[in-house]
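Dear colleague,

I am passing on the structure we spoke about, and below it you will find an account of what turned up in it. Please keep it open while you read, so that you can look up each residue as it is named.

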Amino acid sequence: MAEAWALLADAVPDQAAEAARTLTTLTPLPAGAAAPGHHGPGALGAGPVTGANELALGLLSGFRRAKLRALGEVTDLYALDGTWEHRTPWGNEHVTFSRLLAETYERAGLGLYDPRFLTGVPEALEMIENAAEVTVDGKQLIAAVRKEISGTRSAAGKNRGKGLSPAGHGTNVLASDRKVTFD
């Protein structure tokens with residue numbers, strides 16, 4: 001666990017610090033990938049892993065899923081989910097808008113740790129931004145993700161195998177008289 005946190009802190013210090021502030025419980029599971037709990041972003045379940053790097057990826061992946069789920073509880077990121085299907089750029093599978101958004105958001109965060117996860121993310125962001133289902137707040141989230149991954153493609157070649165820190169800070173969005181912050 002300590003090695004995994006050290007890898008995250010070195011590669012993606014902003015995300016690691018936010019995850020450390022947010023995650024309060026890690027429950028070992030007999031099988032399966034890391035997944036957020038159902039009642040708030042502070043708990044993750046994690047199955048067996050083979051090493052610190054795999055655990056770091058699992059923690060970051062679970063944290064991103066939990067963060068998006070929590071965000072979806074306070075604002076509408078999309079409407080009419082399931083009305084249309086969208087092709088994923090990384091697997092050519094047809095999925096609902098919510099799944100495309102979730103996978104893209106997760107892959108963007110993982111791509112800051114390991115650039116190979118960024119494959120297809122810019123194309124997916126473009127698809128999401130132009131989709132009929134995306135709301136104003138959803139577009140703000142996409143803008144924040146674009147800002148977060150900006151510069152990683154050019155840095156990926158120089159830092160192959162090394163983590164990259166996220167670019168920029170959060171974007172503030174007004175939603176129903178509430179201020180929602182995307183980090």
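**A buried aspartate**

Aspartate 137 has a relative accessibility of 8% and therefore counts as buried, because the limit for that word is under 20%. Please bear in mind from the start that this is a predicted model. The residue has its place in helix H6, and although aspartate 137 and glycine 72 stand 65 residues apart in sequence, their C-alpha atoms are 9.9 Å apart in space.

**The protein as a whole**

The protein contains 7 helices and 7 strands, and if you follow them from the N terminus, you will meet them in the order α-α-β-β-β-α-β-β-α-α-α-α-β-β. The protein has 183 residues, of which 45% count as buried, and the area that it exposes comes to about 9,400 Å², with carbon and sulfur atoms supplying 53% of that area. If you take the contacts between residues at least 6 apart in sequence, 58% of them join residues at least 24 apart.

**Glutamate 133**

Which loop should you search for glutamate 133? Glutamate 133 is found in the one between helix H5, residues 121-130, and helix H6, residues 136-149. Glutamate 133 is buried and yet has no salt bridge, and lysine 139, which is the nearest side chain of opposite charge, is 10 Å away. Leaving aside residues up to four places away in sequence, glutamate 133 touches Leu77, Tyr78, Ala79, Leu80, Trp84, His86 and Phe97.

**Salt bridges**

How many salt bridges does a search of the whole structure find? The search finds 8, and I describe some of them here.

Glutamate 18 forms a salt bridge with lysine 67, and the closest N and O atoms of this pair are 3.1 Å apart. The pair links distant parts of the chain, since glutamate 18 belongs to helix H2 (residues 13-22) and lysine 67 to helix H3 (residues 52-74), with their positions 49 residues apart in sequence. Glutamate 18 counts as buried at 14% relative accessibility, and lysine 67 is buried as well, with a relative accessible area of 16%.

Glutamate 106 forms a salt bridge with arginine 65, with the closest N and O atoms 3.1 Å apart. Here too the pair links distant parts of the chain, for glutamate 106 is in helix H4 (residues 97-113) and arginine 65 is in helix H3, 41 residues apart. Glutamate 106 counts as buried at 15% relative accessibility, whereas arginine 65, with a relative accessible area of 28%, is partly exposed.

In the salt bridge between arginine 116 and aspartate 114, the closest N and O atoms are 2.6 Å apart. Is each partner buried or exposed? Arginine 116 counts as exposed at 52% relative accessibility, while aspartate 114 is buried, with a relative accessible area of 16%.

Finally for this part, Glu93, Arg99 and Glu103 are linked in a network of salt bridges.

**Aromatic rings**

A search of the whole structure finds 1 aromatic pair. There is also a charged side chain over a ring, as arginine 64 lies over the face of tyrosine 105, at 3.9 Å from the ring centre.

With best wishes

Definitions and conventions:
Residues are numbered from 1 along each chain as its sequence is written. This is a predicted model: local features need pLDDT of at least 70, side-chain atom pairs count only at pLDDT 80 or more; totals for chains, interfaces and linings use all residues. Side-chain values use heavy atoms; hydrogens and water are left out. Helices (H or I, at least four residues) and strands (E, at least two) are DSSP runs, numbered from the N terminus. Buried means under 20% relative accessible area, exposed over 50%, partly exposed in between (1.4 Å probe, protein chains only). Contact means heavy atoms within 4.5 Å. Accessible areas come from the Shrake-Rupley method with a 1.4 Å probe; for residues, only the protein chains shown count as cover. Lys and Arg count as positive and Asp and Glu as negative; His and the chain ends are not counted. A salt bridge is a side-chain nitrogen of Lys or Arg within 4 Å of a carboxyl oxygen of Asp or Glu. Rings of Phe, Tyr and Trp (its six-membered ring) pair if their centres lie within 6.5 Å; planes under 30 degrees apart count as stacked, over 60 as edge-to-face and the rest as tilted. A charge sits over a ring if NZ of Lys or CZ of Arg is within 6 Å of the ring centre and within 35 degrees of the ring normal.
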